[in-house]
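This report is meant for a reader who has not met this structure before. Please look at the sequence and the structure first, and then read on.

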Amino acid sequence: MKKYSKLFMLSLGLMAFMLTSAVTYTVMQTEEEGDKLVGVWEPGHGKAKVKITKVGNKYYGKIVWLKEPTYEDGSKKVDKNNPDPKMHETPLLGYKILKDFEYVGKKTWENGTIYDPENGSNYSCTIKLVDDNTIEVRGYIGVSVIGRTDTWKKLTKN
């Protein structure tokens, strides 16, 4: 009877180890897939470059380059279209336009927002990885069906 109990306990231990290993591998694989978003990306219009980083389990993107960083008078471009007048003097260079994205699997990041400095609006947003160098960024109001998708190209890995 003791042999049977030891064999049963050994089997239980082996199954627990295999389950833990499978969960750990899946979590590591998911994190690695999610981190494919990290790097510098160029939106379709080519007017800016956005660096996406990971903080905790969320992803954020800030403007790190502007094709035209200054106005005609030589002053730095600022967030003049923001509905909040307090933000009108905030420089666009370094501005965080992507916030709070979570990797949900299947090459998709959701639950985040994108800010459009050209019209001062925030939109719900979904990001989908097309391939290692291309993402589709879809901003929308309310439901994803009513929105606009832009294709961004990756410039660097970090």
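The text below goes from the overall build to strand pairing, aromatic rings, backbone angles and the largest pocket.

**Overall build**

The structure is a predicted model. Its chain has 158 residues, of which 28% count as buried. It contains 1 helix and 8 strands. Read from the N terminus, the order of elements is α-β-β-β-β-β-β-β-β, so that the helix precedes the strands in the order α-β-β-β-β-β-β-β-β.

**Strands β3, β4 and β5**

Strand β4, residues 96–105, pairs with strand β3, residues 58–66, in the antiparallel sense over 4 bridges. Within this pairing, Lys62 has Lys96 of β4 as its bridge partner. Strand β4 is also joined to β5, residues 108–116, by 5 bridges, and these two strands run antiparallel. Here Lys99 stands opposite Thr113 of β5. Strands β4 and β5 form a hairpin with 2 residues between them.

The loop between β3 and β4 holds Tyr95. Is Tyr95 buried or exposed? Its relative accessible area is 11%, which is under the cut-off of 20%, so Tyr95 is buried. The C-alpha atom of Tyr95 is separated by 5.5 Å from that of Ile63, although the two residues are 32 residues apart along the chain.

**Strands β1, β7 and β8**

Strand β8 takes part in two of the pairings described here, one with β1 and one with β7. Strand β1, residues 39–42, pairs with β8 in the antiparallel sense over 3 bridges, and Glu42 stands opposite Lys153 of β8. The pairing of β7 with β8 is antiparallel as well, over 7 bridges. In that pairing, Ile135 stands opposite Trp152 of β8. Strands β7 and β8 form a hairpin with 6 residues between them.

**Aromatic rings and lysines**

How many aromatic pairs does a search of the whole structure find? The search finds 3. One of them joins Tyr103 and Trp109, with 5.0 Å from centre to centre and 55° between the planes, and this pair is tilted. The angle of 55° is neither under 30 nor over 60 degrees, which is why the pair counts as tilted. Both residues are buried: Tyr103 has a relative accessibility of 15%, and Trp109 has 0%. Together with Tyr59, Tyr103 and Trp109 form one aromatic cluster.

Two lysines are placed over aromatic rings. The charged end of Lys49 sits over the ring of Trp65, 4.4 Å from the centre of that ring. Lys96, the bridge partner of Lys62, lies over the face of Tyr60, at 4.8 Å from the ring centre.

**Positive phi angles**

Most residues other than glycine have a negative phi. The table lists residues with a positive phi.

| Residue | Place | Phi |
|---|---|---|
| Asp100 | strand β4 | about 65° |
| Lys106 | turn of the β4 and β5 hairpin | about 55° |
| Lys107 | loop between β4 and β5 | about 60° |
| Gly142 | turn of the β7 and β8 hairpin | about 80° |

Asp100 is partly exposed, with a relative accessible area of 31%. Lys107 also counts as partly exposed, at a relative accessibility of 45%. Neither Asp100 nor Lys107 is a glycine.

**The largest pocket**

Rolling a probe the size of a water molecule over the atoms shows where empty space is left. In this model, the largest pocket holds about 860 Å³ of space. It is lined by 35 residues, and the closest to its centre are His45, Lys47, Asp116, Pro117 and Glu118. The elements that give two or more residues to this lining are β2 (48–55), β3, β5, β7 (134–140) and β8 (147–156). Which element gives the most to the lining? Strand β8 does, with 5 residues. By class, the lining of the largest pocket has 17 nonpolar, 7 polar and 11 charged residues.

Strand β8 thus appears in several parts of the picture: β8 pairs with β1, forms a hairpin with β7 and gives the most residues to the lining of the largest pocket.

Methods
Residues are numbered from 1 along each chain as its sequence is written. This is a predicted model: local features need pLDDT of at least 70, side-chain atom pairs count only at pLDDT 80 or more; totals for chains, interfaces and linings use all residues. Side-chain values use heavy atoms; hydrogens and water are left out. Two strands pair if DSSP finds at least two bridges between them. Rings of Phe, Tyr and Trp (its six-membered ring) pair if their centres lie within 6.5 Å; planes under 30 degrees apart count as stacked, over 60 as edge-to-face and the rest as tilted. Buried means under 20% relative accessible area, exposed over 50%, partly exposed in between (1.4 Å probe, protein chains only). A charge sits over a ring if NZ of Lys or CZ of Arg is within 6 Å of the ring centre and within 35 degrees of the ring normal. On a 1 Å grid over the protein atoms alone, a cavity is a set of points where a 1.4 Å probe fits but cannot get out, and a pocket is an open set with protein on both sides within 12 Å along at least five of seven lines; lining residues have an atom within 4 Å of a point. Grid points are joined across faces, edges and corners, and a volume is the space filled by probe spheres set on the points. Ala, Val, Leu, Ile, Met, Phe, Trp, Tyr, Cys and Pro count as nonpolar, Asp, Glu, Lys and Arg as charged, and the others, Gly among them, as polar.
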